Structure formats: C-alpha cells, structure tokens
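Visitor: I would like a close look at a single part of this protein, with its surroundings described carefully.

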Amino acid sequence: MKNNYERIHLASPHMSGLEMEFITEAFDTNWIAPLGENVDQFEKDVCDYTGAGYGVALSSGTAAIHLGLKYLGVKKGDIVFCSSLTFSASCNPIVYLGATPVFIDSEYESWNMCPKALQKAYEEYPNPKAVVTVNLYGQSADYDKILNITSRHNTPVLEDAAESLGATYKGVQTGTFGDIGVYSFNGNKIITTSGGGMMVTKNKLAKKKVRFWASQSKDDRPYYFHTEIGYNYRMSNIVAGIGRGQMKVLDERIAKKKYIYEYYKKAFEDIDEIEMMPIADFGESNYWLTCMTLKEDSEISVKNIISAMEKQNIDSRHIWKPMHTQPVFERYPFFTVQEGLSCAEDIFNRGICMPSDTKMTDMDLKRVADLVLELFEENVSAGAV
Ligand SMILES: Cc1ncc(COP(=O)(O)O)c(C=O)c1O
C-alpha cells in the first residue's frame, strides 16, 4: 500500500517480468557483448512492429541521431533545420558534426514543427543539409505538410521519434517518415532498455554504414584496419534482452498512457484555466507524457503546481524550454511565422508535464488530480473572501 510520501514519478521504468528470460539466456550462453541474439531480435521486433525496414540498436537515441545525421552527409559548415521545442539531444549532434542548427517554431495543433515557419526558413536558407523533425510527447508532427516542403527542396529528413514509439500518423507508424528514424529506450520512455536507442531506415546502405561506424569502423580484414573514424555506440546484448521483453508490452503501455491522459482530461474538465495538449486528428499519439497548458489569465501558475506537487513528493515538469532560448544555442537563427511571436515559447511559458508513470494506480491519479483541483478551488475561495 502506498503512503502519501511515496514518490509518484513522471515516467519511470516499468518492467513486465518478461525481460529476465532474455537476459538469462544471454548469461547462459555467455553472449555478454555488443552483439548477439537479443540485439538481432530486438532490431527485428522493433522493425516488425513499426514497419521501419532496417534497425540498428545503439547505446542511445542521441547516438542514433548523431550517426543518422552523419549518414545524411551533415558536416562542418552545413545548415540543419531543427524543431526548437524539444530536448537538447535532438540538436546537440548537429553541433557534434560541426554544422549550424537553424531552429523552427512549433504549431499549436500538434506542438511540433510548424510547416509555415519551415517554409520561411527555406526562403533565407534554401539549401539545408537535413531537417530534424520531432514527435513531441508522443504525438506525430504533420508529415504530409512537412514532407511536401522538404521533398520540393530535396532535403533529407531525420525523424526524431525518441518519444513517439508506437504512435501513428494517418495510420502509419512514426519513425518511418524520415529518411532516418530514431527511437530512444532511455529510462523515462514508453518502453526502456535502461538506456539505448535505435536508428531505423528503409535504406540498406544507411543501415550498413551506421552499424559500421557504431562498431569502431572496423574494415573487413583479418587484422584491425580502419579507413574511417569509428564510434563505440552499439547496444549490448544484455540491454537488448530488456528491450525484447519490453516490446511485448508496448501496446499495454500505450493503452495505460492514454488512460492517464483521459483521466486528467476528465478530472480537469470544469477548470477553465486548464487546456490539455491538443491531440491532432491526423494520428494516434502514444500519450508518452500528459501535458497541459494554463490560460494566460490563470492565477495559478505552472510554478505553483510544480512546487505544490513537489511538496507532496510528486514529480511534474516544465515543458521543454525551446532550444533557441537556451544559452548554448541562442546565437543560432530561429524562424517563426510572425516575427516576435513564438508558439514554442508560449507553450513553454504556460505548459506543464503531468506525472504519467504507467505504474500509477487510480489512487495515485486521484491524489495528483485532487491536489491540482484543490489549488484552483483554494484560489476561487480566496478570491471570494
Ligand atoms: C526528443 C528527444 N530526442 C532525443 C532524445 C535522446 O535519447 P537518448 O536519451 O536515448 O539519448 C530524447 C530523450 O532522451 C528525446 O526526448
């Protein structure tokens, strides 16, 4: 039985019990290495589920973005467009490769890359080397509109689907729209391998090159021979065993995440100041994190909610702070539809990520919802005095 002081997490690892079978097998056969049956099968499981083509299991989603962009030819002096409202791992690899990120604002409909702002960026930078799209908090970006623009300019797309495994756009799995797709299995993701990622692609050469670079670029010779710089980015066979067990419960996890979103939506339906993250009608989110925004005139702020929750040992977070406002990236260009008006900044200022841990019980959800409701009720009664 949970007491009031037991922490409610934002999103923490949720094992199914099926993982140990694969890990034990790796131990029993001594495949304690960055290759083996679990790695091969995990790549296959993810590709079978998503229809992605080929997969290369790696040590992190960030590593997958790094090598994916390298495959797309990104190098020193290049321009790469990237969604601004995201985690820094979407754009750090652009800088690892010596290229310049150019940030694109979000649209309100999906919180993802705004096609109109993307179009504006092309007017000033007609030849970016790649575009990095992101499917934020489990929801797909609007790929018909985005790919319509990028294909006219022949720009390859890297789809950062780190947060959206299992989500769809017009019935097709996210991660499969870009020339390169990336999933993350970090501890907080919809399924986890403790840490890990996967690069997926329909391009056989891309798979071959990324696998080669990720394994220290060892040429096929009887001795160690290197014609290219390599990386130690492969996923271990133990870790991939966790992934195999987790893939078996992905649908279950998505169903629970949706339940959590619907629970909060219902609980807050009478609070005018609260708006749930919009769910665009072009797809089915995996609801990785339930997010919401507070209306501009709300007297209860995001900070009030986060600190009230923290006092009750409940984890909640601000929305990602847009990359173009980060000290490390603020010198790079940023495109919005209307100069001076940023959707990403507005969502950051008014947005909150609610605890969305799939291990939460109805009692946990009630505890969180009641706390938020109390804050708004106290505010109304204080105003009435
Ligand atoms: C949008 C986004 N991109 C990339 C990453 C990086 O993934 P990883 O932590 O596996 O390196 C994450 C999560 O951590 C993410 O949320």
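Is W111 buried or exposed, and what is its relative accessible area?

Guide: Please keep in mind that this is a predicted model. In it W111 is buried, because its relative accessible area is 2%, which lies under the 20% that marks the limit for a buried residue. W111 is placed in the loop between β3, residues 100-104, and α5, and although W111 is not a glycine, it has a positive phi of about 70 degrees. As background, most residues other than glycine have a negative phi.

The surroundings can be taken up through the largest pocket, since α5 (115-124) supplies at least two residues of its lining, as does α11 (343-350). That pocket holds about 390 Å³ of space, and among the 17 residues that line it, S106, E107, Y108, C114 and V337 lie nearest its centre. By character, the lining divides into seven nonpolar, seven charged and three polar residues.

A second residue with a positive phi, again not a glycine, is S194, at about 85 degrees. S194 sits in the loop between β8 and β9, and with 53% relative accessibility it counts as exposed, because the cut-off for that class is over 50%.

The loop between β8 (180-184) and β9 (197-201) also contains K189, a position that the unreviewed UniProt entry annotates as "modified residue: N6-(pyridoxal phosphate)lysine". K189 counts as buried, because its relative accessibility is 12%. Leaving aside residues up to four places away in sequence, K189 touches A162, E163, S184 and W288.

From that loop one can follow the chain into β9, which runs antiparallel to β1 and is joined to it by five bridges; in one of these pairings, A57 has M198 of β9 as its bridge partner. Strand β1, residues 54-58, is mostly covered, with four of its five residues buried.

Another sheet can be described beside this pairing: an open sheet of three strands in the order β7-β6-β11, with antiparallel pairing. Here β7 (172-173) and β11 (283-284) stand at the edges, and because each has a single partner strand, one side of each is left without a neighbour in the sheet. Strand β6, residues 168-169, pairs with β11 in the antiparallel sense over two bridges, and Y169 has G283 of β11 as its bridge partner.

Definitions and conventions:
Residues are numbered from 1 along each chain as its sequence is written. This is a predicted model: local features need pLDDT of at least 70, side-chain atom pairs count only at pLDDT 80 or more; totals for chains, interfaces and linings use all residues. Side-chain values use heavy atoms; hydrogens and water are left out. UniProt positions are given in the numbering used here, feature names are shortened, and annotations may be inferred rather than shown by experiment. Buried means under 20% relative accessible area, exposed over 50%, partly exposed in between (1.4 Å probe, protein chains only). Contact means heavy atoms within 4.5 Å. Two strands pair if DSSP finds at least two bridges between them. On a 1 Å grid over the protein atoms alone, a cavity is a set of points where a 1.4 Å probe fits but cannot get out, and a pocket is an open set with protein on both sides within 12 Å along at least five of seven lines; lining residues have an atom within 4 Å of a point. Grid points are joined across faces, edges and corners, and a volume is the space filled by probe spheres set on the points. Ala, Val, Leu, Ile, Met, Phe, Trp, Tyr, Cys and Pro count as nonpolar, Asp, Glu, Lys and Arg as charged, and the others, Gly among them, as polar.
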